[in-house]
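Biologist: I would like to go through this model from the helices to the cores. Please reason each answer through to the name or value I ask for.

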Amino acid sequence: MQTRLSVFGIAMLCAASIGYDVMGSSAQSLIRFKDTTQHWAEPSILTAVEKKYVDGYEDGTFKPDSPISRAEFIKMVALATGEKVNQVGGDGWFQPYVDRLKAQEIIPAEFPERYNEPLQRYEMSILSVRSVDKSLKGTMVDSTKLGLIHGVSSTDLDVYGTSTRAQAITIIERILAARKGEKLPGDKYAASAAEIAATGSNVGTMLGLKAQNIGNTWSAGQGATVKLEQVIIADPSDEYDPFMAYIDTSHWNSRVDKQRDFVVMAKFTVQVDETADDSFNLGGYQYLTLYDGTGPLHVSNEALPRVIRFAVPGIYTGFVSYGARRDLAKTGIGFDLVSNKVVVAIP
């Protein structure tokens with residue numbers, strides 16, 4: 001009798017286990033969509049639906065590759081971060097979410113109000129960053145440093161591009177992780193591109209320095225000026241560094257050690273008018289010279305002419321490039337610009 005009771009008990013436990021699995025499977029099937037099978041984001045989509053910050057459409061689709069609107073993303077942010085909102089129907093269904101995030105100072109006053117239009121990536125940056133830290137403006141520099149926004153390629157942030165509904169879920173999950181204090185993996189190429197777009201230089205991302213004198217102009221004598229447009233740092237030890245493609249490595253300076261040194265690419269605009277001394281020639285590596293450099297490097301893409309003849313008025317724009325030692329960069333980076341001692345980066 002005792003044995004029969006034990007067998008009966010085991011049978012009951014097995015039945016309970018089977019019933020639980022079937023129920024779980026049924027619940028899971030309720031949130032499967034017609035158009036997410038084998039989609040790269042299907043696991044994330046199902047998780048997001050279970051967390052109840054996004055849902056599908058009445059026709060059983062999710063439309064994972066459709067652009068996400070400002071309204072949709074605002075609703076996702078509000079629900080995912082636990083904001084209490086009284087839902088309303090009709091065309092203005094999104095307004096309570098907008099009002100709540102404005103009250104929380106996540107949506108700034110200057111944010112576009114055409115809420116049914118596709119969300120642009122710089123707008124996603126604003127909402128994402130301010131959901132994590134309202135003391136920040138939400139620039140692309142902020143979002144790439146926090147690891148919230150990555151680039152679409154090693155050189156392109158696609159600032160005015162749009163994101164899909166599936167991609168938006170990835171961003172929401174990063175927001176939630178950052179709010180919990182997790183350190184997000186960053187995209188250093190995206191951070192570099194964002195810094196260059198904002199300041200004209202990536203010395204912060206690459207060397208931990210602060211850019212100086214970007215955008216300033218110096219006289220090169222009567223009728224001629226030199227303007228410093230950008231200072232870009234490239235890492236010769238990184239085979240994927242996008243800016244190393246600008247350097248002609250077939251003429252690599254033997255004094256530059258790819259592990260010890262970094263590459264400085266300085267973009268200048270030299271403007272010469274008819275009043276300039278036509279007997280003078282400006283040599284790029286003679287009058288635009290890096291301090292503490294190991295030697296000039298040949299630029300194969302967007303190079304400044306090696307010699308600019310003042311007898312030929314015009315506007316000349318391009319890069320000159322040098323190898324420089326990492327250990328010397330701790331004190332900053334300086335150029336001799338037509339005999340002017342100019343600091344372009346400081347600690």
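Modeller: Helices here are DSSP runs of H or I, at least four residues long, numbered from the N terminus. The model is predicted.

Biologist: What is the phi of the glutamate that follows α4?

Modeller: Helix α4 covers residues 95-103. The glutamate that follows α4 is Glu105. Its phi has a positive sign, with a value near 65°.

Biologist: Which helix do the buried residues of α4 pack against?

Modeller: Buried means under 20% relative accessible area. In α4, Pro96, Tyr97, Val98 and Leu101 are buried. The buried residues of this helix pack against residues 70-80, that is, α3.

Biologist: Which helix gives the most to the largest nonpolar core?

Modeller: That core holds 47 residues, and Tyr53, Phe73, Ile74 and Ile172 have the most contacts inside it. Helices α2, α3, α4, α5, α6, α7 and α8 each supply at least two of its residues. The greatest share, nine residues, comes from α7.

Biologist: Leaving aside neighbours within four places in sequence, which residues is Ile172 in contact with?

Modeller: Ile172 is among the residues with the most contacts inside the largest core. With those neighbours set aside, its contacts are Tyr53, Phe73, Met76, Val77 and Ala80.

Biologist: Over which residues is the pLDDT below 50?

Modeller: The chain averages a pLDDT of 90, and 91% of the residues score at least 70. One stretch falls below 50 and has two contacts beyond near neighbours in sequence. Where pLDDT is low, the predicted coordinates should not be read in detail. The stretch in question is residues 1-29.

Note on methods. Residues are numbered from 1 along each chain as its sequence is written. This is a predicted model: local features need pLDDT of at least 70, side-chain atom pairs count only at pLDDT 80 or more; totals for chains, interfaces and linings use all residues. Side-chain values use heavy atoms; hydrogens and water are left out. Buried means under 20% relative accessible area, exposed over 50%, partly exposed in between (1.4 Å probe, protein chains only). Contact means heavy atoms within 4.5 Å. A nonpolar core is a set of buried Ala, Val, Leu, Ile, Met, Phe, Trp, Tyr and Cys residues joined through side-chain atoms within 4.5 Å. pLDDT is the predictor's confidence in each residue, from 0 to 100.
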